Structures are given as C-alpha cells and as structure tokens.
Amino acid sequence: MSQVVELRGVTLEYCIYSVKAQSLRTAFLNVAVGGKMLKNGHDVIHVRALDNVGFSLSEGDRLGIIGHNGAGKTTLLKVLAGIYEPDSGLVSVKGRVSSMVDIGLGLDATLTGRENIIHMARRRGHSTKEILANMESIVEFSELGPFVDLPVKTYSAGMQSRLVFAVATNFNPDILLLDEWIGAGDAGFFEKAKGKMNEILEKSRVMILATHNFGLVADVCNKLLVLDGGKMEYFGDVSAWDFNHMKPITS
Ligand SMILES: Nc1ncnc2c1ncn2[C@@H]1O[C@H](COP(=O)(O)OP(=O)(O)OP(=O)(O)O)[C@@H](O)[C@H]1O
C-alpha cells in the first residue's frame, strides 16, 4: 500500500531568547511536563518539542496522537501542515492537506468571517472561483448567521472554531489534520462536527487527530501515536494499546 505520510528522525527545538531571570530559568528546567529543556551558556533556552519522531501512514489510516500537555502533539501537526520546518529529519506528505491546527494562526481578526473564508481557502490552494462556489455551504455549516459579515475579533472561541472547522472540512482534503477540534463549540455543533468528520473521513486518504479524548481515538482511529516529552512512546495499532494502563497490550 502506498505511503501517504512518512516521517523519519524528525527533531524540532524551540528557542526561547532572553530568559534573564535565574529563578524563571530554574523553574523552566525543573518543569515536569512538556518538551526537554536545554540551556546554553547565554540567556537562551531550547525546548526540544520533538525528538527523533518517525512513522508512516498509508491510504485509509486514521492516526490518533495522544500525550500529556506539552508532549509535542500540536508541534507535530504543525510540522505535518508545513507550518514549521523540523531542525532535522525527513517529512514527506503526499496530497492536499487541510488543517485545523492553530485557530488563531488561520484567522485575521480584523477581517470578516467571509473574508477569512477566502483567505483560509486560498492558503489551502483553492481558486477564487472554487471558493465562491462553496461559500454558502461553508457559511451555512458554520451557523454564524449575520456574524459572518462582522470582523472575527467579535467572535467567541467557539465561533472561531466553527469557522475554521467549516473551511477545513469543506473541500474533501487528501490529508486532514485536526487538533483538539472538539474543544470549542457547543454540544449541538460537536454532534454536527462529528457527523461531518465521519463524512469526510470516508473521502480523505489520511486523517491525523491530536486529542486528550481517548474514547474518540478508540472510536475513530486505527493507528495510535503516543508522545512523551517529544519522544515516541508508542506507534502502532490502536487495538494493541491499553488506554487504562497507558501501555501496550501484552498477550
Ligand atoms: N511557540 C513556542 N515557543 C516555545 N516553546 C513552545 C512553543 N510552542 C510549544 N512550545 C513547547 O514545546 C513543547 C511541546 O508543545 P506542544 O504545544 O506541541 O504540546 P502539546 O502536546 O500539543 O500540548 P497540549 O496538550 O497542552 O496542547 C512544550 O514544552 C511547549 O512548552
């Protein structure tokens, strides 16, 4: 089966400059969750958010990424979306990617919802003609009503989430990246979003979902990646992972 996504030895460090206060630096270095903190002789701290991550996904795979806060889930999705370049390693993603990774990143708060739809869809490689043909279905799905013609800075987090979700899922992407997409939005929209996700799951070649919701992973995904401090603790079939004891099932 052809590989749609392939990562090998992916490592990424964030540099935090000018961390001047010694107490803050010590606090950083002692933190229990998150990527590995490394300091140099100057006022710079490096956080290794991804450390030698490698896996491949084939046509039809649905990957769930789990891990503690700061484990590197969002960073990995950003690498897959092409938002970040890794410091080292190989990333190969074949196909049209649609991501709902960083809501703030995709939206311009000064523009209206409708204008943001155009911008987001353009960034995903769609033509103006294609976007305008899909505009009403995106607006309708977002359920923003008249708010769609107001600046996004007037939206709540849930409303922003609806808008990004409506664009991200409208065009039947080859590869769909979702980050805690269930976090925002009310119960009604969650049910609708779940239905929509199932619909596009049928059509997308690969879906990758980062979440803390183990039940959702067990329901929707066939593959699982467990990250811990930027390192891969497990990659394999969901059915071979014991979510209660957070370890592989041993027969
Ligand atoms: N922009 C940034 N600058 C510096 N460090 C960052 C930045 N973004 C993330 N990090 C650090 O990288 C590590 C991984 O963060 P990431 O957001 O990928 O984790 P996560 O698994 O998605 O966490 P959560 O479950 O809390 O959303 C953490 O230690 C975090 O502090």
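Let's start with an open sheet of six strands, which you can trace in the order β6-β7-β8-β4-β9-β10. The pairing in this sheet is mixed. Keep in mind as you look that this is a predicted model. At the edges stand β6 (97-100) and β10 (231-237). Each of these two has a single partner strand, so one side of each is left without a neighbour in the sheet. If you look at how neighbouring strands of this sheet are set against each other, they are turned by 15° on average, ignoring direction.

Now move to two strands inside that order. How many bridges join strand β4 to strand β8? There are four, linking residues 62-66 of β4 with residues 206-210 of β8, and the two strands run parallel. To find one of the partners for yourself, pick out Leu 63: its bridge partner in β8 is Ile 208.

Something also lies across these strands. Helix α2, made of residues 73-80, crosses β4, β6, β7 (175-179), β8 and β9 (223-228). Compared with the direction of β8, helix α2 runs at about 150°.

Next, follow the chain to helix α5, which covers residues 128-142. This helix has 15 residues, and from its first C-alpha to its last it reaches 19 Å, close to the 21 Å expected at 1.5 Å a residue. Where does α5 bend? The bend is at Asn 134, and it comes to about 45°.

Which residues of α5 are buried? They are Ile 131, Ile 138, Phe 141 and Ser 142. A general point about helices is handy to have in mind here: an α-helix has 3.6 residues a turn, so residues three or four places apart point the same way. The buried residues of α5 pack against two other helices, α4 (113-123) and α6 (157-168). Just after α5 comes Glu 143, and its phi is positive, near 55°.

Finally, step back to see the whole chain. Its secondary structure comes to eight helices and twelve strands. Of the 251 residues in the chain, 37% are buried. You can also ask how far along the sequence the contacts reach. Taking contacts between residues at least 6 apart in sequence, 73% join residues at least 24 apart.

How confident is the predictor? The chain has a mean pLDDT of 86, and 85% of its residues reach 70 or more. The model also scores ipTM 0.98 and pTM 0.81.

Notes
Residues numbered from 1 in each chain as written. Predicted model: local features only at pLDDT ≥ 70, side-chain atom pairs only at ≥ 80, totals over all residues. Pairing = 2+ DSSP bridges. Axes fitted to C-alpha atoms, helices over the stretch in contact; angles between N-to-C directions. Contact = placed C-beta atoms within 7 Å. Buried ≥ 20, exposed ≤ 12 C-beta atoms within 10 Å, placed from the backbone. pLDDT = per-residue confidence, 0-100. Expected span 1.5 Å × (residues − 1). Bend = angle between axes of the 7 residues up to and from the residue.
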